[in-house]
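User: I'd like to go through this model and ask how some of its labels were earned. Could you walk me through the reasoning?

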Amino acid sequence: MGQISSPIMSVRQLNKQFGKGCEQCSNSDNRKLERNYCRACGTVYSCQNLSFDLYPGEVLGIVGESGSGKSTLMRSLYFDQEVTTGEAYLQPYKEGAVNLFQESSQQQKYIRNHLMGKVYQNPVLGLRMGFSSIGNIAEKMIAAGNRNVAAMEARGSELLDQVHIPVYRMKEAPKKFSGGMQQRVQIAKALSNNPPILLLDEVTTGLDLSVQANVLDLIKHLQRELKISMLLVSHDLGVIRMLADRTMVMLDGRVVEQGLTDQILEDPQHAYTQQLVHSLL
Ligand SMILES: [Zn+2]
């Protein structure tokens, strides 16, 4: 990470709302909301004017409680759902000149398969639980145009080895694995096409603490080795502290604070961030 490099991903004024809005809430400068919710019409403003940059090789943490909009942001960036308005640019895609949200679904599929990987909190969303583990990896490689079975098998076992799944278990289905192992298969699958960007959404939530530490350690190790850029979403500032170079704090669909993670931990400015930091101590 350095000031000289230009962002690998830029997001500008991303908005996602559920509901049509009304005169009480349509003006983004002057909304009468209860948290992110309009009482008058029931519209929920999940992401409000989110803008940020992700730099090559950087881990950007996004912390917030459930309902803060952080997972909605991740779904939007991976085209799991449409944004209401906004722009996103990827440097490796058409030299960062095209708004990804305006691309066709076919192009968005290309971006998902070649330039991004995503690891979900719930492995059912990221894996076919009944397929073999190596089959899961091959599926993502096939989606990116690979056809050479021997090469895919070699790559698949290399990846499983990298995430510490014993190669003799590669034909087993994730449903037979523990929660920590399932997350590691998801990570292997997400990395299969060497994407420059990885999206991690609450990947250790719900795991036992010792398992959680192992998975976080693996992610840290892979990040250093592969120099991959990561967006890391968590409700747990402890997870963010372990991995993120910079951190954005989200509350009610907005970014309330951002900066170097160390700085935020040492000198939190917003009352909500202060509360998060104090709960860590
Ligand atoms: Zn309204």
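Analyst: Happy to! Two strands pair if DSSP finds at least two bridges between them. Please keep in mind that this is a predicted model.

User: What makes strand 1 and strand 2 a pair?

Analyst: Seven bridges join strand 1 to strand 2, and the rule asks for at least two, so the two strands pair. They run antiparallel. One of the bridge partnerships links glutamine 17 to tyrosine 45 in strand 2.

User: Why is one side of strand 2 and of strand 4 left without a neighbour in the sheet?

Analyst: The open sheet has three strands in the order 2-1-4, with antiparallel pairing. Strand 2 and strand 4 (85-90) stand at its edges with a single partner strand each, so one side of each has no neighbour there. On average, neighbouring strands are turned by 15° against each other, direction ignored. Helix 1 (residues 70-77) packs on this sheet and touches strand 1, strand 2 and strand 4.

User: Now the metal. Which atoms are the protein donors of the zinc ion?

Analyst: They are the SG atoms of Cys22, Cys25, Cys38 and Cys41, 2.2 to 2.4 Å from the zinc ion. The cut-off is within 2.8 Å, so these sulfur atoms count as donors. Their spacing along the chain is C-x2-C-x12-C-x2-C.

User: And why is the site called tetrahedral?

Analyst: The angles among the four donor atoms are 108 to 114°. Four donors count as tetrahedral if all angles lie between 85 and 135 degrees, so the label fits.

Definitions and conventions
Residues are numbered from 1 along each chain as its sequence is written. This is a predicted model: local features need pLDDT of at least 70, side-chain atom pairs count only at pLDDT 80 or more; totals for chains, interfaces and linings use all residues. Side-chain values use heavy atoms; hydrogens and water are left out. Donors are N, O and S atoms within 2.8 Å of the metal (3.2 Å for Na, K and Ca); water is not among the atoms, so sites may look incomplete. Four donors count as tetrahedral if all angles lie between 85 and 135 degrees; four count as square planar and six as octahedral if opposite donors are over 155 degrees apart and all others between 65 and 115; anything else is irregular. Helices (H or I, at least four residues) and strands (E, at least two) are DSSP runs, numbered from the N terminus. Axes are lines fitted to C-alpha atoms, for helices over the stretch in contact, and angles run from 0 to 180 degrees between N-to-C directions. Contact means heavy atoms within 4.5 Å.
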